[in-house]
Amino acid sequence: MTQAFERLARPIQKWIRSQGWRELRQIQSQAVHAIIGGKADLIIAANTAGGKTEAAFLPLISQVLDEPAQAGGFDLLYIGPLKALISDQAHRLEDICRETGLAVTPWHGDVSASVKNRALKSPGGILLITPESLEALFIRRGLEIPRLFGATRAIIIDELHTVLDSERGVQMRSLLTRMELAIGRPIRRVGLSATLGDMELARAYLRPDNPDGVGLLKAEGGDAELRLQLRGYIAGDKDEETPSATHRIAQHLFTNLRGSDNLVFAGSRQSVEIYADHLRRLCEDERLPQEFYPHHASLSRDHREFVERRLKDGSKPTTAICTSTLELGIDIGDVTCVAQIGAPFSVASLWQRLGRSGRRAGQPAVLRQYSVETLLTPESNYVDRLRLGLVRSVAMIDLLLEKWCEPPRPQALHLSTLVHQILSVIAERGGATAGRLYRILCQEGPFKKVEVPVFMEVLKALGQPEAGLIEQSDDGMLLLGQAGEKLVEHYTFYAVFQTPEEYRLISGGKELGTLPIVNVMAPGMMLIFSGRRWAIQEIDDRDKVIMVNPSKGGTPPIFGGDPGDIHDRVIERMFEVLEGTGAPAYMDRTARDLLEEARRHYSQIGLATSSVVVLSKNRYALATRVGTTKTMTLALALRASGFMVETHDGFLTVSSKDDAFDLNGTLKRIVAGEPVNLFDVQTNLVFEKFHPYLTRGLLETDALTAKVDHAALRGLCEQIVERW
DNA sequence: GACCTGCTGCGGTTTG
């Protein structure tokens, strides 16, 4: 045993021996020295099942045992993004703490009130909580925060990489600041993260005012051999003899994955349903036991847990057809192969997905990428001919092999989350002055980019009589208004992210899952859901319930969603692929032919020498060569100038009905610095939960920092004009 | 042209 072991408390040493561990892993030894030997904040980066949890908790618990706190309250606070993860971690920590006398309290929406009340009465040990439940504690028990957390030594933030720049991440950082202000001292922060890309940015997110003081421990090695295949398919063949691309892919999955555990990422919930239905029928046709199951967020928890259990216990071969539900979080064990149907949206998520395979020593990680392209006809447009899906898959695999991935985006203003935190701080303290709110949230907290005039405008919007969220008392204190109290009191307030309205789907008294109300539904209609087929019996619009019975026919429902956001570097690489020669060895024959075809067309229509080519009268293809945000910014600018614009990966199709519109002239005017108005009254700017309470002006300000890149517009136009 | 995440307090009923 190493020296690190000697630094741990006796009961922890005893626990380690009882586990039969021969030694601590390297990252665990390093963490013991960093935590017991210092006071600095720390990030521990390793892959799932890399021993991060123990690396952080063994030394932190040792400190609590060796130097017990003088005051009451929770000793350690763990914040996790998923309920399932918190329950999982609580069990592991209970096991470690069994003989220490230290309490372990999981706290989220599914934990009973009695467990919570007991912890509130005599707080101590380790509290594991979601950001939303912590928010609820601030709002409902604001005055008790110092009693509960006054003696807390460290806050452990799990899955740090998933919350870096999200609304939830901003909320969490705001809560951390508010907690430190409430107890009057900083609390050590320990972040647990997957190893992804540039960890420097993660340090800045963990402790914004002192990133250099954040220690970083990274698990080395563990890179399994990678086996890759990219298969091309052509869809849309009207020939009755040829099976559809979907069928051929399902057949290939059936033949190659049967008998082992696998994950198939299908790209959307609808696509998950389609492939799960196909694979179920293939098993039935061959009279084989079922081993392919769908898994996505709209399916009932019962069903999802069933699939997760089957994957984890390894008793029967299981393949989950899934969305990003199985990308992170709870441990489902090692899988033989990861399949990806269609191009993914980010290299970072491709990394995470691939990390599920090849975890056992000597086992390779296997990625099977399936690309579906449409059958060309003389009428096909240039976008189909350029095979952008396939080219994006190649670009992303390239970047994956180079170990690159997307960094978190520069911080947006997050005005929706600011509205939430303003109301929450007022509720926590029973009232606050505008100056105090600004200090807590914008100077000390995460809303540093919000300047005083914008902040005052937000307060004014919330105080409008028709909003009624806040009001000012005679001594200048801001209090919750009638509407504000009602909003904050309701339990739906705690989450900062938006969720759509849904129906519950029930068959024979059992819930199958939920369906967004955007689907047109009526009794007698048939649908595919949870990998099986159903007919609608009855719809209860008041309780939002749909009763269904098993049936033979059906179509997959619509689940909705937002367009993805592709990074600049990915699009740049796509152009390099289009302008390159040769094909990687991992591509099959069809995929190579498709790539060859795309390259031929790319130079045929003149894109190799020019950024703008004429498609027909008053209709242009314009290569932006940059990612979604900048491409969208140019699209908005051109729409504001009267053009009709379609957006694609790195391209815009620009057309006009009027001969008077001059594309070249318009771009040159932007280069010359003519002001551009990106939004008109038609543009929807309400895309986050508390946006409805803001003015049009504030919504535009927010959208400018989150959805578009105004500053890049001139340079982009300049580049296009140069290559005209 | 996409995915995911979360939720309190109280009143009523049942059971020991």
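Let's start with a hairpin: strand β18 (residues 526-529) pairs with strand β19 (residues 532-540) in the antiparallel sense, over 4 bridges. What you're looking at is a predicted model, so read everything below in that light. Across the β18–β19 pairing, F529 has R532 in β19 as its bridge partner. There are 2 residues between the strands of the hairpin, and S530 in that turn has a positive phi of about 60°.

That positive phi is worth a pause. Most residues other than glycine have a negative phi. Two other spots in loops go against that habit. One is K403, with a phi near 65° even though this residue is something other than glycine. You'll find K403 in the loop between α17 and α18 (415-429). Is K403 buried or exposed? K403 is exposed, because just 11 other C-beta atoms sit within 10 Å, and the cut-off for exposed is 12 or fewer. The other spot is N618, which is not a glycine but has a positive phi of about 60°. N618 belongs to the loop between β21 (612-616) and β22 (619-623). With 16 other C-beta atoms within 10 Å, N618 comes out as partly exposed.

From K403, follow the chain into α18. This helix has 15 residues, and the distance from its first C-alpha to its last is 21 Å, close to the 21 Å you'd expect at 1.5 Å a residue. How much of α18 is buried? The count is 14 of the 15 residues, so the rest of the structure largely encloses this helix. Right after α18 comes G430, with a positive phi near 75°.

Now compare that with helix α22 (residues 568-579). Its 12 residues should span 16 Å at 1.5 Å a residue, and the C-alpha atoms at its ends are 17 Å apart, which agrees. Which residues of α22 are buried? They are V570, I571, R573, M574, V577 and L578. These residues cover an arc of only 160° around the axis, so they lie on the same side of α22. As for what they meet there, the buried residues of α22 pack against α15 (347-354), α17 (388-401) and α23 (589-604).

Next, move to the strands earlier in the chain, with β5 (residues 154-157) as your anchor. Both faces of β5 are covered: A154 and I156 on one side, and I155 and I157 on the other, are all buried. β5 runs parallel to strand β2 (residues 76-79), joined by 4 bridges. In that pairing, L76 has A154 in β5 as its bridge partner. β5 also runs parallel to strand β6 (residues 188-193), again through 4 bridges. There, the bridge partner of I155 is R189 in β6.

L76 itself deserves a look. This residue sits in strand β2, and why does L76 count as buried? L76 has 25 C-beta neighbours inside 10 Å, and 20 or more is enough to be called buried. Setting aside neighbours within four places in sequence, L76 is in contact with L60, V64, I126, T152, R153, A154 and I156. For a sense of scale, K116 is 40 residues from L76 along the chain, and their C-alpha atoms are separated by 16 Å.

A loop residue gives another picture. N210 is in the loop between α11 (199-206) and β7 (215-218). N210 counts as partly exposed because it has 13 C-beta neighbours inside 10 Å. L175 is 35 residues from N210 along the chain, with 18 Å between their C-alpha atoms.

Finally, turn to the DNA. Which residues come nearest to DNA strand B? Of the 38 residues around the strand, H108, G109, S268, A297 and G561 do. The elements that give two or more residues to this surface are α7 (131-140), α13 (269-285) and β23 (644-648). The largest share, 4 residues, comes from α7. By type, the residues of the surface near DNA strand B are 12 nonpolar, 18 polar and 8 charged.

Technical notes:
Residues are numbered from 1 along each chain as its sequence is written. Chains are lettered from A and ligands numbered from 1 in the order in which they are written. This is a predicted model: local features need pLDDT of at least 70, side-chain atom pairs count only at pLDDT 80 or more; totals for chains, interfaces and linings use all residues. The expected span of a helix is 1.5 Å times one less than its number of residues. The arc is that of the directions from the helix axis to the C-beta atoms. Two residues are in contact if their C-beta atoms, placed from the backbone, lie within 7 Å. A residue is near a molecule or strand if its C-beta atom, placed from the backbone, lies within 6 Å of it. Ala, Val, Leu, Ile, Met, Phe, Trp, Tyr, Cys and Pro count as nonpolar, Asp, Glu, Lys and Arg as charged, and the others, Gly among them, as polar. Two strands pair if DSSP finds at least two bridges between them.
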